[in-house]
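Got the viewer open and a selection box ready? Here is a short tour, one stop after another, with something to select at each.

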Amino acid sequence: MVGVSRTHPLFRLLADLTQRNFAVNLGWPDTEVIRYVTEVLADFVHVERLYRIRDARGRRVEEVAEMLAEGDLLHRADSLERERTVHKHIGDYTLFMAGVFPEFVRRLQTSKILISADAFLDYVHVGKRSYRIVSEFPAGFPGGPSPLFRKLSDNFELCVFGLGYVRADLDRLRDPRFQVAKGHLLG
């Protein structure tokens, strides 16, 4: 799943920020959740992974509303595996966007011009539901059931809040004053 090698400095930075913010700021030192959230962050460093879901024609699916149709057995999903894969991605995507780019989600929902069917969606509700669906797959199914996805569903808002802390730390790291101080310290 990871788009950046675990030994890459960016992965280590994301892991450190996620660990510190979830364990210290949220008081939730769940190593399994921290590891998973770090992997989602590292995976989505590559934009094409944000849109890895493709429709039957091979066209990338960019809206959550369309992803929901792709992951529904009554609409476009042709197998349980497809349903699980798409819902896992929906959970990851909505968690990432609501936590790291909340201004994007707000803009979708407050635009006076309808630019996307996603404007009608509650990303938190959709993400919680998608992770819940993934958590309920039968034991014999590849990749399921997973208590991790149940935890992510039950604590989705907390994960979004934790990612907000990570985003704030990343913003501070880009601050020119930090860059100047770092340059002085590191020579």
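Before the first click, settle two words: two residues are in contact when they have heavy atoms within 4.5 Å, and buried means under 20% relative accessible area. Keep in mind, too, that this is a predicted model.

**Stop one: the whole chain**

Start with a cartoon of everything. The chain has 10 helices and 0 strands, so don't go hunting for a sheet: helices are defined here as DSSP runs numbered from the N terminus. Now colour by burial: buried residues make up 43% of the 187 residues. Among contacts with a separation of 6 or more, 63% join residues that are 24 or more positions apart.

**Stop two: helix α9**

Select residues 156-174, which is α9. This helix has 19 residues and reaches 27 Å from its first C-alpha to its last, close to the 27 Å expected at 1.5 Å a residue. Show side chains for Phe156, Cys159, Val160, Gly162, Leu163, Val166 and Asp169, the buried residues of α9. What covers them? Look around and you'll find a cover that includes α1, α2, α5, α7 and α8.

The spacing along this list is worth a glance. An α-helix has 3.6 residues a turn, so residues three or four places apart point the same way.

Zoom in on Cys159, in α9. At 1% relative accessibility it counts as buried, because the cut-off is 20%. Leaving aside residues up to four places away in sequence, Cys159 touches Phe22, Trp28, Val33, Leu95 and Leu152. Now add Ile34: 125 residues separate it from Cys159 along the chain, yet their C-alpha atoms are separated by 9.2 Å.

**Stop three: helix α2**

Ile34 belongs to the buried set of α2, so that is a handy place to jump to, given that buried means under 20% relative accessible area. Select residues 31-43 for the whole of α2. At 1.5 Å a residue, its 13 residues should span 18 Å, and the end C-alpha atoms are indeed 18 Å apart.

How much of α2 is buried? 10 of its 13 residues are, so the helix is largely enclosed by the rest of the structure. Pick out Val33, Ile34, Tyr36, Val37, Thr38, Glu39, Val40, Leu41, Ala42 and Asp43 to see them. Their packing partners are α1 (9-25), α3 (47-50), α5 (80-100), α7 (123-135), α8 and α9.

Go to the start of the helix next. A side-chain oxygen of Asp30 reaches to within 3.0 Å of the backbone nitrogen of Glu32 there.

Then move along to Asp43, also in α2. With a relative accessible area of 2%, Asp43 is buried. Its side chain makes a polar contact with the side chain of Arg52, at 2.8 Å. Show Ser5 as well: Asp43 and Ser5 are 38 residues apart along the chain, and their C-alpha atoms are separated by 9.5 Å.

**Stop four: where α2 crosses α8**

Keep α2 on screen and add α8, residues 147-154. Two packed helices are described by the angle between their axes and the distance between the axes. At what angle do α2 and α8 pack? The angle is about 80 degrees, with the axes 10 Å apart. That makes α2 roughly perpendicular to α8.

Show the side chains at the crossing: Glu32, Val33 and Tyr36 from α2 meet Leu148, Phe149, Lys151 and Leu152 from α8. The residues of this contact divide into 5 nonpolar, no polar and 2 charged.

**Stop five: Thr94 and Ser135**

Jump to Thr94, in helix α5. Thr94 counts as buried, at 0% relative accessibility. Its side chain reaches the backbone oxygen of Ile90 at 2.8 Å. A polar atom of that same Thr94 side chain lies 3.2 Å from the backbone oxygen of Gly91. Not counting residues up to four places away in sequence, Thr94 touches Val64, Tyr123, Val126, Gly127 and Phe156.

Last click: Ser135, in helix α7. Is Ser135 buried or exposed? At 8% relative accessibility, Ser135 counts as buried. Here a polar atom of the Ser135 side chain lies 2.7 Å from the backbone oxygen of Arg132.

Note on methods. Residues are numbered from 1 along each chain as its sequence is written. This is a predicted model: local features need pLDDT of at least 70, side-chain atom pairs count only at pLDDT 80 or more; totals for chains, interfaces and linings use all residues. Side-chain values use heavy atoms; hydrogens and water are left out. Axes are lines fitted to C-alpha atoms, for helices over the stretch in contact, and angles run from 0 to 180 degrees between N-to-C directions. Helices (H or I, at least four residues) and strands (E, at least two) are DSSP runs, numbered from the N terminus. Angles under 35 degrees count as roughly parallel, over 145 as roughly antiparallel, 65 to 115 as roughly perpendicular and the rest as oblique. Ala, Val, Leu, Ile, Met, Phe, Trp, Tyr, Cys and Pro count as nonpolar, Asp, Glu, Lys and Arg as charged, and the others, Gly among them, as polar. The expected span of a helix is 1.5 Å times one less than its number of residues. Buried means under 20% relative accessible area, exposed over 50%, partly exposed in between (1.4 Å probe, protein chains only). A polar contact is a pair of N or O atoms within 3.5 Å; within protein, one must be able to donate a hydrogen and the other to accept it, and residues adjacent in sequence count only if both atoms are side-chain atoms.
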